[in-house]
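User: I would like to go through a model by way of questions, with the reasoning given before each result. Please begin once the sequence and structure are in view.

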Amino acid sequence: MEAFTTEGIVLKQFDLGEADKIITFFTRDQGKLRAVARGVRKCKSPISGLVLPFSYNHLTIYRGRSLDRINQIKNIYPFSPLREDLLKMAYASFMAELVERVGMENDPNQPLFSLLLSSFHQLLKLEQGIKFIDLIFKIKVLNIIGFKPQLAQCVLCAEPVTTNYQNYFNIKQGGILCANCLSSKSDCMQITGEATQILKRLFNSGLDSFKNLRISAAGENQLNHLIDNFILYHLDLKLKSLEFLNMIKKMG
Ligand SMILES: [Zn+2]
């Protein structure tokens, strides 16, 4: 039987038969990978803790005809605090679900893997605000998959746009409108000049140049709302974890 080794982060799991589970990993060099964990639901299974969501493991996988199977699994980093704090769990679940939806099987995506890993570490450390970590994560995902809003030119007439005090972003068209096209602003979200400038900077800069960015709480909320809607509409994703996250935010 053909076997290979890789590293993988658990995105999700579901039950199979009486005692098994199918685990979805995002791996360093195979992209998304689904594999059976045999006997993992028996009470003395030594690996049941390693296949919990967010756990980061070294894997040996047997290629099967229909389903791959985990042969060996060793933990590299458990990320258990992300499962113990409700707010962190909600954000980590959203990140895992977004990667699960945009990641492809047998299609390595090293930047996406590294982003998920570093974002989980950031959720643990919280050296920056949790909403900021979430915003940067989403924008980096969109950058990695090459899906960017149109910010320099009007999305309707392609005239160059000068950013004003208030700007109008059309979610369906995927960009901002110039002053002449504002008559069709019915499907638009208003965003401040600050938020527009930051959005431009985030989408035009390299992946590592986000550290010294300063943003007001209002601008951050506005951009999170806008990017969530942009992802929902353009990637056609109805993310269960996003509903959960929004519910937790309201409770907090
Ligand atoms: Zn226009």
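User: In which loop is A158 found?

Analyst: This is a predicted model, in which local features need pLDDT of at least 70, side-chain atom pairs count only at pLDDT 80 or more, and totals for chains, interfaces and linings use all residues. Residues are numbered from 1 along each chain as its sequence is written. Helices (H or I, at least four residues) and strands (E, at least two) are DSSP runs, numbered from the N terminus. With elements named in that way, A158 is found in the loop between α4 (130-144) and β6 (166-170).

User: Is A158 buried or exposed?

Analyst: A residue is buried if 20 or more other C-beta atoms lie within 10 Å of its own, exposed if 12 or fewer, and partly exposed in between, with the C-beta atoms placed from the backbone. Because A158 has 12 C-beta neighbours inside 10 Å, it counts as exposed.

User: What distance separates the C-alpha atoms of A158 and C178?

Analyst: Along the chain, A158 and C178 are 20 residues apart. In space, the separation of their C-alpha atoms is 8.5 Å.

User: How far apart do the C-alpha centres of domain 1 and domain 2 lie?

Analyst: The domain bounds, which come from an automatic or database domain assignment, give domain 1 as 3-142 and domain 2 as 148-234. The C-alpha atoms of the whole chain fill a box of roughly 65 × 40 × 30 Å, taken along the principal axes. Between the C-alpha centres of domain 1 and domain 2, the distance is 32 Å.

User: How do the residues on the side of domain 1 that touches domain 2 divide by class?

Analyst: Two residues are in contact if their C-beta atoms, placed from the backbone, lie within 7 Å. The contact between domain 1 and domain 2 takes nine residues from domain 1 and 10 residues from domain 2. Ala, Val, Leu, Ile, Met, Phe, Trp, Tyr, Cys and Pro count as nonpolar, Asp, Glu, Lys and Arg as charged, and the others, Gly among them, as polar. On the domain 1 side, the division is five nonpolar, no polar and four charged.

User: Within what arc do the buried residues of α3 fall?

Analyst: Helix α3 (residues 110-125) has 16 residues and reaches 23 Å from its first C-alpha to its last, close to the expected 22 Å, where the expected span is 1.5 Å times one less than the number of residues. Its buried residues are L112, F113, L115, L116, S119, F120 and L123, whereas Q110 and K125 are exposed on the face turned away from them. The arc is that of the directions from the helix axis to the C-beta atoms. The buried residues of α3 line one face of the helix, because they fall within an arc of 160 degrees.

User: Against which elements do the buried residues of α3 pack?

Analyst: The partners of this buried side include both strands and helices. In full, they are β1 (3-16), β2 (20-27), α1 (81-84), α2 (86-102) and α4.

User: Which residues touch the most other members of the largest nonpolar core?

Analyst: A nonpolar core is a set of buried Ala, Val, Leu, Ile, Met, Phe, Trp, Tyr and Cys residues joined through C-beta atoms within 7 Å. The residues with the most contacts to other members, out of the 60 in the largest core, are F25, A92, M95 and L116. To this core α2 gives the most, with nine residues, and at least three residues come from each of domain 1 and domain 2.

User: Is F54 buried or exposed?

Analyst: F54 is placed in the loop between β3 (31-37) and β4 (56-62), and its phi is near 80 degrees, a positive value in a residue other than glycine. Leaving aside neighbours within four places in sequence, A92 is in contact with F54, L82, F120 and L123. Because F54 has 24 C-beta neighbours inside 10 Å, it counts as buried.

User: What is the phi of N106?

Analyst: N106 is found in the loop between α2 and α3 and is exposed, with 8 other C-beta atoms within 10 Å. Its phi is positive although the residue is not glycine, with a value near 55 degrees.
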